[in-house]
Each structure stands twice: as structure tokens, then as C-alpha cells.
Amino acid sequence: MTVNNSPKQRQTVMLAADVNSYAVTTVNLAVEMAASADSELHCLFIEDEDLLQVTGLPFTSEISLTTGRERPTSIDQMRRSLRSLAQQFKQTLRHEAQALQITWSFDTVRGRIREISLEPGTDVTYTILGQAVSHRQQPRRIHGPRKILLLGNNSPNQKRALEMLLRRFGHQKIEISFVADDPASEVLSEIASLIKRDDQEMMLTVLNRNQLDSLLERSGSSFDCAIISKHGESEERLRVLKTLRCPVILVA
């Protein structure tokens, strides 16, 4: 496929990632989401504003992981490094998008990834945010269950996002933590119907909204993906993003 920046085509899926959160698996998730929604995928590589500001401070230095040597940092050098990573991101996007034959576009912007979560983006149905890579040991994840955090709202797009994740995780064991103001809502019955499948082992835990902080403190870094409404409280959304170490799907 070729890049298509035509304004006539409505963007409904966007991926945003920075130097701390760029990962091939997150790109793959975004491409699969765009293919599932039959829509264009637009990707943003965020040149982190905070990182660039810190790099320019006179007392900031860089230590080599291989030699242990310390050297002064340079904003120009950091920008070159970020541009190089952006090109890797774009190449990965091109490869994954061609495999599923979706239309895509790519931009590099300077800012902060957490600010993307606060933008209304009325023309974007799904915004996928790359999160800081977790350093938890991976061997346990191979045999352990896939964990999904679902912050409930009444959007039909939420159910569609969950369906896509269930397909993505295939026949693996899945644990879903569903958090909502009204756990007895109609949304819950729809979610429960999704997990009643003979070909997947799934477990659903239902929690009230006031239990969210406790859940994040206990197991916030163990989730594989989260689905959150764009229209919830911004403070809650930022608190969740700060805790999680997994891709987050913001749903319109």
C-alpha cells in the first residue's frame, strides 16, 4: 500500500508513540485495529518535549551502556537520534500495513504523549497510545494469562475494540477487569456474552469505579492492554496512563 494523505478519507484510528513507548507489537496492534475497523491508520511519532528540554541542561550527561563513559548531551544529537528512531517506526509501520493492506499516514510532532490523551479528536474513533515498556520478566508472560483493563462506558466502539483484542490473543487464557460506575449495566451483559466462547478460556472480574485506584496499585503494571473512554474524567485518565505499562486504546 502507499501513503494516502487525502483529506477526503476520514481517519478513525490513530497511533501515538514516543522514544520510550515505540514497540513493534504496538504498531501491530494499531494496524490490526485499523484493519478490523476498515479504516485508515494515522501514526504520530512524538519527539518528547521533556526529553529535549532535559538534554539541553548544562548539568545533563549521557552514560554509555557499553563503556560506562560519561559525555555531555546535545540537543542536536538527540534530535538526530529521535529522527532515526522515527524512521524505524515508519519502516515498521509500512511493513505491517502492507501485510494487512491498509491505508496509512505518518507524521512526526514535538510534544508530550500524555497530552494526546486529552485532545478531543472527534474524527478519531480509536486512539492507541504506546506506553513506557514494562521491564517485568517476559518468560512468565508466555504461559500466563493475557490481562485486559476495561473502563466501562456506553460506546459501541468499546465492545468492538474488545472483540478485536480477543481475536488478537487467539486461544490464550484471558482475564478481563471491567470497571464501571454501574457494574450491573447493559454494557456488562454485552461483555459477558463476548467471553462465552468454547475456544477461549476467559475470566471476567467486575469492579466499581471506586475500586479503580486499588486495582491500579495492586496490578496496574501487569495488564497487556487497556480500553478507556475518551470522554471520561481527564484526571482519572491521566492517573491510569501514569500507572499502566501497556498500550492503551482510547475509544470515542
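How many of the 5 residues of strand β10 (residues 225-229) are buried? Keep that in mind while loading the view. This is a predicted model.

**Whole chain**

Start with everything shown. The chain has 252 residues, and 48% of them count as buried. Its secondary structure comes to 9 helices and 11 strands. Colour by element for the surface: the accessible area is about 13500 Å², with 48% belonging to carbon and sulfur atoms. Now turn on contacts. Among those with a separation of 6 or more, 77% join residues 24 or more positions apart.

**Strand β10**

Select 225-229. The count is 5 of 5 buried, so β10 is largely enclosed by the rest of the structure. Show the side chains. C225, I227 and S229 point one way, A226 and I228 point the other way, and all are buried. In a regular strand, side chains alternate between the two faces of the sheet.

**The partners of β10**

Add β7, residues 146-151. β7 and β10 pair in the parallel sense, over 3 bridges. Centre on I227: L150 stands opposite this residue of β10. Next, add β11, residues 248-251. The pairing of β10 with β11 is also parallel, over 4 bridges. Within β11, I249 is the bridge partner of I227. Follow the backbone from β10 through α9 to β11: this β-α-β crossover is right-handed.

**Helix α8**

Select 212-219. Which residues are buried in α8? They are L212, L215, L216 and S219. Look down the axis of α8: the buried residues fall within an arc of 105°, so they line one face of the helix. The face turned away from the buried side carries E217 and R218, both exposed.

Now display what the buried residues of α8 pack against. The list is β7 (146-151), β8 (174-180), β9 (202-208) and α9 (234-243). Two of these names are already on the tour: β7 pairs with β10, and α9 lies on the path from β10 to β11.

**T26 in helix α1**

Last stop: select T26, in helix α1 (residues 24-37). Is T26 buried or exposed? Its relative accessibility is 5%, so T26 counts as buried; the cut-off for buried is under 20%. Show its surroundings, leaving aside neighbours within four places in sequence. T26 is then in contact with L15, S21, I128, G130 and P247.

Note on methods:
Residues numbered from 1 in each chain as written. Predicted model: local features only at pLDDT ≥ 70, side-chain atom pairs only at ≥ 80, totals over all residues. Heavy atoms only, no water. Buried < 20%, exposed > 50% of the residue type's maximum accessible area, 1.4 Å probe, protein only. Helix = DSSP H or I, 4+ residues; strand = E, 2+ residues; numbered from the N terminus. Arc of directions from axis to C-beta. Contact = heavy atoms within 4.5 Å. Areas by Shrake-Rupley, 256 points an atom, 1.4 Å probe, with all protein chains shown as cover. Pairing = 2+ DSSP bridges. Right-handed = clockwise from strand over helix to strand, strands pointing away.
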